[in-house]
Structures are given as C-alpha cells and as structure tokens.
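Here's a quick walk through the model below. Have the viewer open and follow along, starting with how the chains relate to one another.

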Amino acid sequence: MKFEIPVSVHWLANFTGAKLVGDDTQMATGINEIHKVQPGDISFVDFEKYYNKCLTSAATVIIINKEVDCPPGKTLLVTSDPFTAYVSIVKHFRPFEPANSLISPSATIGEGTQVQPGTFIGNHVKIGENCLIHANVSIYDYTEIGDNVIIHSGTVIGSDAFYFKRRKERASQYDKLESCGRVIIHQDVEIGANCTIDKGVSGDTILGQGTKLDNLVHIGHGVVVGKNCLFAAGVAIAGKTTVEDEVTLWGQVGVNKDLVLHKGAVVLAQSGVGESLEGGGKTYFGSPSMDAREKMKELVWVKRIPELWEKVMKKQD
Amino acid sequence: MKFEIPVSVHWLANFTGAKLVGDDTQMATGINEIHKVQPGDISFVDFEKYYNKCLTSAATVIIINKEVDCPPGKTLLVTSDPFTAYVSIVKHFRPFEPANSLISPSATIGEGTQVQPGTFIGNHVKIGENCLIHANVSIYDYTEIGDNVIIHSGTVIGSDAFYFKRRKERASQYDKLESCGRVIIHQDVEIGANCTIDKGVSGDTILGQGTKLDNLVHIGHGVVVGKNCLFAAGVAIAGKTTVEDEVTLWGQVGVNKDLVLHKGAVVLAQSGVGESLEGGGKTYFGSPSMDAREKMKELVWVKRIPELWEKVMKKQD
Amino acid sequence: MKFEIPVSVHWLANFTGAKLVGDDTQMATGINEIHKVQPGDISFVDFEKYYNKCLTSAATVIIINKEVDCPPGKTLLVTSDPFTAYVSIVKHFRPFEPANSLISPSATIGEGTQVQPGTFIGNHVKIGENCLIHANVSIYDYTEIGDNVIIHSGTVIGSDAFYFKRRKERASQYDKLESCGRVIIHQDVEIGANCTIDKGVSGDTILGQGTKLDNLVHIGHGVVVGKNCLFAAGVAIAGKTTVEDEVTLWGQVGVNKDLVLHKGAVVLAQSGVGESLEGGGKTYFGSPSMDAREKMKELVWVKRIPELWEKVMKKQD
C-alpha cells in the first residue's frame with residue numbers, strides 16, 4: 001500500500017513507540033510485507049533468520065525487534081513487537097470504513113455497467129464500463145475492476161488475507177495481520193458464482209485480462225493470475241502463488257502458496273499442486289501432482305502389484 | 001430454448017448476414033446447441049468433423065461455416081463465424097433484462113411460500129407453493145421451482161454455463177457462449193447453503209423430485225439429476241452429466257462432464273468420477289474412481305510393496 | 001433444545017397421538033436426538049437394535065415404535081412413527097418464524113459491533129461486542145456470537161443439518177429431520193467468505209475461542225471445534241465430529257462424521273480423514289489419511305514398482 005502523503009520516520013517512531021536508529025530524515029511513502037517491498041516502504045521483521053533479507057531489501061524503514069547495524073540510507077524502528085507496530089500503522093492509514101448503503105458514494109461505476117440488486121460495492125471501489133455484476137455480490141473497499149467484466153451472484157471480492165501470527169502465550173493465539181492490499185480485476189474477466197478472491201496483505205491480488213473462473217473458486221491473498229486462464233469449479237489457490245498466462249486448472253484442483261505455474265500449464269481435476277509447474281502445455285495429475293502421463297503409468301503399475309506378488313510367490317515354490 | 005413465435009429463415013439470414021442455402025420456407029421455433037437439438041431448432045457447427053452430426057441431427061436450421069449439400073427439409077445459414085451468429089440470435093431473443101428490485105414483478109410465487117430478506121428473484125421466475133427460500137439466495141431469470149422446495153442462504157440458481165470458445169488470435173481469447181437454458185427444480189428438493197446451480201446452455205439443468213443437496217454443492221450447466229439423490233457437501237458435477245435416481249455422492253466428490261451415473265450408484269467421499277458408473281447399489285471410491293472394494297484391496301496391496309521388495313531381495317541373496 | 005417451560009407427558013401423548021406407558025407424572029424439559037440427550041429430554045428410537053441404547057440413556061421421555069418394558073422413572077410414548085412424532089414436537093416448539101427485515105427486532109447486537117449492508121440477522125440472534133460482520137452474511141435464528149468475531153461476506157451461519165430419514169415407499173423418499181440446535185461462536189473467531197456452518201440437529205455446533213476459518217469452509221451439524229484451530233480454504237467437516245484445540249487442517253481437507261481429531265493434530269491439504277486422529281503435533285496426509293511420513297514413504301514405494309518388476313523379470317530369465 002502507498003500512503004497518500006509521505007510520512008516522516010519521526011512520526012512513525014513516535015506513533016509506534018519505537019526507537020529510531022539510522023537515517024532520521026527519511027519519509028516513508030508506503031508499507032508492505034517483505035515479499036512486496038519497494039523503495040520508500042516500511043516493512044517489518046521479527047525473526048533473526050530473516051533480518052538479513054529485510055535489511056538488504058528495498059525497504060527504506062524497517063521495524064525490527066533488535067538494535068542492529070543500520071544499512072546506509074535506511075531507518076530502523078526498534079521495538080519489542082514489530083508485528084503489532086506494523087499492524088497499528090496499517091490500521092491507522094487504512095482504517096475500516098463502515099458502509100451505510102449497499103453502494104458506497106465513493107465508488108465509481110463506468111457507463112453501461114449493470115449492478116443487480118443486493119450487491120454491495122464498498123468504498124473507493126472502481127468498476128469499468130459495460131460490466132455485469134449480478135445480484136448479492138460483495139465487493140470490498142478499494143477493489144478495481146476493468147471493462148466488460150462479469151461477476152456472478154454470491155461472489156466475494158476483497159475479503160481479508162488468511163494470515164495470522166501465533167502467540168502461544170495468549171488465550172486467543174492467532175494475531176491478525178491486517179490486510180491493506182487490493183484486488184485488481186482486468187478487462188474481459190468472468191467470475192462464476194460464490195467465488196472468493198482475497199485482497200493482498202499489502203500488495204494486490206490480480207486476475208489478468210480474459211481469465212475465466214467457474215463457480216466456488218478460491219483465490220488467496222496476493223495471488224497473481226495472468227491472461228486467459230481457465231479455472232473450473234472448486235479450484236483453490238493459496239496465497240502469493242503466481243499463475244502465468246493460459247494456465248488451465250480443472251475442477252477441485254488445489255494449489256499451494258508461493259508457487260509459480262508457468263504459461264500454458266494444464267492441471268487435471270482434483271490434483272494437488274505442491275511444487276511450481278513447467279508450462280508449455282505440460283499436463284499434471286495427482287495429489288501430490290506429477291506429470292499426467294507418468295501418473296497414469298503409476299496407476300497401471302499399482303494395479304499390477306498382485307500379478308507381481310504371484311510371480312514372486314511362484315518362484316518361491 | 002423455444003421462441004415465443006416462430007422466426008423465418010429469411011429474417012435469420014438477414015439478421016446474421018449469412019447466406020441462405022436449402023429450404024427457404026422454414027420457420028425456426030427455437031435454438032439449441034447440438035446436444036439438445038429438436039425439430040424446428042436452429043443449431044450451429046464450426047468444425048468439419050462435426051458437420052455430419054449436425055446435418056443429420058433433428059435441427060431444422062444449421063448455421064455452418066462452409067457451403068455444403070443441404071439435406072432435404074433443412075436450411076443452412078452459411079457464415080464465416082457460426083459461433084458468433086448463434087450467440088447473436090440467443091442475445092436477441094433472450095436479452096439480459098436488468099432488475100430494479102430484489103423480487104421481479106414478473107416472478108410468480110406460490111401460496112404459502114416464504115421468501116426471506118435479501119433474496120433476489122429474477123424475471124419470469126416461477127416458484128411453487130409452500131417453499132422456503134432463505135435469506136440472500138439469488139435466483140436468475142426463468143428459473144422454475146416446484147412445491148415444497150427449501151433453498152438455504154447464499155445459494156445461486158441459474159448462473160451462466162462455464163462454456164467458452166477459444167480465439168487464440170485475440171487478446172481476450174475466450175468468447176462466451178451465452179446461455180439461454182433454465183434451471184428446473186422439482187418438488188420436495190432441498191438445496192443447502194452457498195450451492196451453485198448453473199443454467200443450461202440452451203436446454204435445462206434439472207433437479208428431480210425429492211433430491212437433497214448439502215452445502216457448497218456445484219451443479220454444472222445442463223446436468224440432469226433424477227429423483228431422491230443425496231449429494232453431500234462440496235460435491236461438484238461438470239456440465240451435461242446425467243445422474244439417475246437414488247444416486248448418493250458423498251463429500252467433495254467431483255464428477256466429470258457428459259457422463260451417466262446410473263440409478264442407485266454410490267460414490268464415496270473425495271472420489272473423482274471420470275467415467276460413467278453402473279448403478280444398482282454399486283459403490284465407487286478413488287480419484288480416478290473405481291469399484292470401492294477393488295480400491296480398498298489396491299490400498300492394501302500398496303502397503304505390501306515393502307514386504308514384496310524384501311522377498312525379492314532375499315531371494316537374490 | 002430446552003423448552004421455555006416444562007411440558008407434561010400427557011400433553012405430549014395427546015399431541016403426538018401416542019400411547020403413554022410408564023411414569024405418567026413426568027414433565028419434559030427439552031428434546032434431543034439420542035447423541036445429545038440429557039435428563040428431562042424427550043428422545044426417539046425407531047430401530048430395535050437401538051432400543052436398549054435409548055432406554056438406558058439419560059432421556060426421560062422416549063418415543064418408541066413398540067410397547068416394551070418401561071424403565072423406572074421414564075415415560076414411553078408408543079407410536080408407529082416416532083420420527084414423525086419427534087419432528088412434530090420440534091416444529092411445535094421451534095416453529096419457523098418468517099423475517100420481515102434484514103435485521104430482526106429480536107436480535108441483540110453488542111456495542112461497537114459493525115454490521116455491513118445486506119447482512120441478514122435472524123430472530124433471537126445474539127452478537128457480542130466489537131464484532132465485524134461484513135456484507136451479505138446470513139445468520140439464522142438463535143445463533144450466538146461472542147465478542148471480537150469477524151465474519152466475511154457471503155458466509156451462512158445456522159443453516160439446517162443435512163439429516164434425512166429414508167422412506168423408500170414414498171415418491172419423495174427423504175423425510176427431513178427438523179433441526180432445533182444452534183450455532184455458538186466464541187470470542188476472537190474469524191470466519192472467511194462464503195463459509196457454511198450448519199446448526200446442530202438438537203444440540204449446538206460450536207467454534208471455540210480464537211479459531212480461524214479461511215474461505216469456503218463447511219462445518220456440519222453439531223460439530224464441536226475447540227480453541228485456536230486453523231482451517232484453510234475448502235475444508236469440509238461432516239456432522240458431529242469433534243475437533244479439539246489447536247488442530248490445523250490445510251486446504252480442501254475433508255473429515256468424516258462422528259470422529260475425534262485430538263489436540264494439535266495437523267492434516268495436510270486434500271486429505272480425507274475417515275478415522276479419529278491422535279494429536280500432539282502428529283501430521284496426516286492422503287485420502288484416506290494416514291501418518292504423513294508413512295504416506296510419503298508409500299508414495300516413494302509406488303514409484304519403485306517398475307524397478308521391482310524388472311528385478312523379478314530378470315531373475316526369471
């Protein structure tokens with residue numbers, strides 16, 4: 001997320017109660033988790049094994065739970081609980097804005113776009129031209145939708161990332177990472193009924209031009225889907241995975257987080273993708289998924305075990 | 001879909017810019033994709049390998065991309081892009097009608113039927129007597145629902161078929177086949193929460209009398225389900241499959257398109273059905289699914305591979 | 001379900017047309033299916049093999065389809081169709097109450113709780129303080145929600161149990177067991193978008209403190225989930241299963257009914273749990289699920305079948 005106006009590191013140190021170390025003249029221009037960080041951003045780190053990654057990242061302001069050497073041109077905000085400091089900044093600059101009507105007055109809706117009854121369109125949402133948003137859709141704040149997009153009933157766009165930090169010492173152990181990212185849907189996308197598209201934690205969840213989703217599809221936080229993909233009913237993709245152009249996922253396929261499915265990959269129904277996939281028309285099957293032809297051979301081999309057993313037993317006679 | 005009044009082939013040729021070949025006196029009485037075609041219907045074909053199937057079908061008017069010999073009593077509409085011509089006719093005779101209220105004035109709702117708040121009931125919908133439609137359900141135009149039907153919250157009835165034609169040369173590669181079919185739900189059906197039932201492409205998606213669906217069930221376009229079926233939560237059935245009476249599908253089962261599940265078939269949880277199934281109480285399991293007892297044996301055989309390996313190794317000593 | 005005031009067995013015999021056998025002075029204080037029965041409750045039994053279980057249960061009033069010896073201090077209501085008698089009592093004391101507005105006047109909503117547009121809150125619902133209920137959520141009657149709970153759009157809380165009695169002789173074979181239980185959601189729970197949480201048949205479906213559900217999760221009737229569980233997107237849990245504290249279920253996991261998943265169990269994505277699981281950090285995988293490490297070994301063994309085959313063939317030469 002980018003801020004509307006830059007924020008001084010002094011204000012941030014004061015707001016979070018952190019100790020300011022390093023360059024005290026910086027202005028932060030946004031806030032991002034480490035995976036999405038850009039120059040000017042605030043980010044946070046609370047595990048020593050990730051210190052180096054964060055300190056050498058593009059982040060300008062780093063909230064950290066130990067006073068370490070500050071790289072030149074960066075600012076450290078040292079506090080015992082960087083996660084809570086990060087969340088407090090997110091909540092300050094992206095507070096929840098209650099809605100009083102189904103369609104927020106701050107939403108903009110393009111010419112020729114039809115919004116059916118019962119649909120909720122949150123604050124600062126932008127919808128392009130000639131879209132058709134069916135009944136009882138829910139579109140959270142800051143979502144952006146291109147032209148000629150069709151969204152079927154019951155679909156939810158922009159729900160929060162499923163992202164928590166465990167605090168074993170508390171009665172309620174999971175501390176919510178507040179999401180401040182968006183969902184961006186490009187032109188000519190169609191989304192079926194009762195799908196769920198989570199917003200990014202700090203960056204954007206994206207559906208590329210011409211991509212089509214069947215019903216009951218789940219797209220996790222920060223997933224980036226390319227152009228002209230087809231996802232059949234019941235597909236679920238976990239957070240931050242990249243799906244390149246022209247990928248086809250058949251029904252009930254599950255895809256793990258942080259993977260890359262390369263251009264043109266095809267995954268057969270009910271497969272579970274646990275590793276990144278090569279594209280170029282390669283086809284995958286199984287849970288865990290593998291090359292589909294290899295999987296088919298494997299299924300035949302399994303059926304031959306009794307025959308093999310008999311051969312071995314015979315030779316023992 | 002049937003037209004309200006028959007349409008002359010001259011009007012159709014003119015409307016689509018097609019060349020009229022064969023009988024120029026015909027009147028078209030409806031429009032259907034090839035799987036559902038009836039006498040009087042318009043249909044279309046754009047692959048040479050399907051020409052014969054379409055030309056010998058019951059269709060009276062055939063939109064085709066090559067001038068071929070016209071069978072007697074039929075009319076050809078020859079055009080370079082039959083798909084687009086077909087879609088343009090569908091859109092002309094079944095245009096999208098925007099809704100201004102949650103319950104359309106053209107919907108008819110039987111005596112004793114309770115519609116809870118937030119539910120959308122589209123144009124020309126017919127609902128029988130003594131039904132209970134819970135809150136935030138979405139029922140698209142032309143759906144027909146019998147008596148004593150219960151539909152739980154969040155369910156979507158009549159969303160579009162997931163059916164596209166690929167146009168590799170375009171930036172947005174998938175061209176939508178506009179659906180003009182309906183969903184027909186017979187008496188005593190119960191549908192759980194957040195289910196999705198797509199309309200047929202040109203024919204009807206049907207749920208037979210007494211069939212019960214748990215939550216989050218997906219029924220694809222043109223699926224015909226018989227009487228007294230039970231589908232547990234998370235079941236997904238792809239387009240145009242026929243499920244006969246008294247079929248039981250347990251949780252998260254997926255069924256491929258164009259299959260027949262015969263009367264009384266039982267499919268255990270998480271199975272993936274890729275072939276038509278015999279019924280009569282036969283039970284199936286696995287992904288891909290097979291006879292459940294055979295599958296159970298197979299699972300045991302897999303566990304015996306190490307033992308088999310050891311036997312073979314021993315004999316090598 | 002407990003009655004608001006106790007009901008005499010005479011009234012019950014008269015209401016159901018049953019013959020009263022045994023203690024005719026009893027007052028029934030509630031009604032429950034056999035799994036949840038407490039002293040004072042009415043329960044029912046219609047299979048001889050379950051007679052003993054029901055007659056020796058805590059139930060005070062037993063609706064039964066045969067005149068048997070009545071245990072001391074209990075009352076039998078003898079009728080040819082105990083199921084129908086039970087359902088008629090449930091419907092009498094927990095009739096469907098139509099709603100006229102999205103938020104029922106009998107619902108109570110705590111201070112600081114935000115309810116977004118399009119959300120339905122049924123009769124007698126209680127929601128705690130500082131909750132955030134997003135748009136187009138549906139909350140059925142009698143649901144109870146604690147403080148600091150977040151519920152995302154499209155989620156349905158309190159839909160009916162998927163529970164039917166088969167009547168093969170009828171045209172519509174499945175007779176609905178009317179649910180009169182509730183859903184109870186404890187503090188600090190977060191529920192994702194388009195989830196479905198069914199009410200209990202007669203007892204409660206419970207989500208314990210600090211538990212977090214991702215999107216499109218299904219929780220069956222009477223499931224009891226402990227504290228600080230994490231269920232990823234697409235998880236489905238069938239009726240009356242107990243999930244203890246700190247259980248983690250990854251994406252698209254399915255869990256069968258009537259099981260116990262002990263504290264700290266972890267189930268990997270797409271697994272199908274058909275048996276109760278030990279906890280303590282044990283990890284499971286597969287459909288049917290097993291110890292994850294054993295499953296991984298099994299997957300490797302399957303890949304070695306061709307090698308084994310070759311060894312056996314060689315020795316035959």
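By what turn and what shift along the axis can chain B be laid on chain A? A turn of 120 degrees does it, with a shift of 0.0 Å along the axis and an RMSD of 0.0 Å. That's the relation of a three-fold axis. Keep in mind throughout that this is a predicted model.

## How the copies line up

Now take the other pairing. Chain A can be laid on chain C by a turn of 120 degrees and a shift of 0.0 Å along the axis, and here the RMSD comes out at 0.1 Å. As background, two copies of a chain are related by a rotation about an axis and a shift along it.

## Chain A at a glance

Chain A has 317 residues, and 54% of them are buried. Its secondary structure comes to five helices and 34 strands, so expect plenty of arrows if you switch to a cartoon view of chain A. Along its principal axes, the C-alpha trace of chain A spans about 85 × 55 × 40 Å. As for contacts in chain A between residues at least 6 apart in sequence, 26% of them join residues at least 24 apart.

## Two domains and where they touch

Chain A splits into domain 1, covering 2-93, and domain 2, covering 108-295. Taken over C-alpha atoms, the centres of these two domains are separated by 29 Å. Nine residues from domain 1 of chain A and nine residues from domain 2 of chain A take part in the contact.

On the domain 1 side of chain A, helix H3 (residues 82-93) gives the largest share, at four residues. Sorted by class, that side of domain 1 has four nonpolar, two polar and three charged residues.

## A strand ladder in chain A

Strands of a sheet pair through backbone hydrogen bonds, either parallel or antiparallel. Which sense does strand S12 (residues 138-139) of chain A use with strand S15 (residues 156-159) of chain A? The pairing is parallel, over two bridges, and A:Ser138 stands opposite A:Val156 in S15(A).

S15(A) also pairs with strand S20 (residues 196-198) of chain A, again in the parallel sense but over three bridges. There, A:Ser159 has A:Asp198 in S20(A) as its bridge partner.

## Where chain B meets chain A

The contact between these two chains takes 37 residues from chain B and 37 residues from chain A. On the chain B side, strand S15 (156-159), strand S17 (174-176), helix H4 (292-303) and helix H5 (305-316) each supply at least two residues. H5(B) gives the most, with four residues. By class, the side of chain B that touches chain A has 18 nonpolar, 15 polar and four charged residues.

## Where chain A meets chain C

Here 38 residues come from chain A and 37 residues from chain C. The chain A elements giving two or more residues to this side are S15, strand S17 (174-176), helix H4 (292-303) and helix H5 (305-316). S15(A), then, turns up both here and in the parallel pairing with S20(A).

Which element of chain A gives the largest share of the side that touches chain C? That's H5(A), with four residues. The class split for this side of chain A is 18 nonpolar, 16 polar and four charged residues.

## An open sheet in chain C

Swing over to chain C for an open sheet of 10 strands with mixed pairing, in the order S8-S11-S14-S19-S22-S25-S28-S31-S33-S34. Strand S8 (114-115) and strand S34 (290-291) of chain C stand at the edges with a single partner strand each, so one side of each is left without a neighbour in the sheet.

Within this sheet, strand S19 (residues 190-191) of chain C and strand S22 (residues 212-213) of chain C pair in the parallel sense over two bridges. C:Ile191 stands opposite C:Leu213 in S22(C).

## One loop residue in chain B

Is B:Thr56 buried or exposed? B:Thr56 sits in the loop between helix H2 (48-55) and strand S5 (61-64) of chain B. This residue is exposed, because 10 other C-beta atoms lie within 10 Å, and 12 or fewer counts as exposed. For a sense of distance, the C-alpha atoms of B:Thr56 and B:Val302 are separated by 50 Å, and the two residues are 246 residues apart along the chain.

Definitions and conventions:
Residues numbered from 1 in each chain as written. Chains lettered and ligands numbered in written order. Predicted model: local features only at pLDDT ≥ 70, side-chain atom pairs only at ≥ 80, totals over all residues. Pairing = 2+ DSSP bridges. Domains from an automatic or database assignment. Contact = placed C-beta atoms within 7 Å. Nonpolar A, V, L, I, M, F, W, Y, C, P; charged D, E, K, R; others polar. Least-squares fit on C-alpha atoms with pLDDT ≥ 70 in both. Buried ≥ 20, exposed ≤ 12 C-beta atoms within 10 Å, placed from the backbone.
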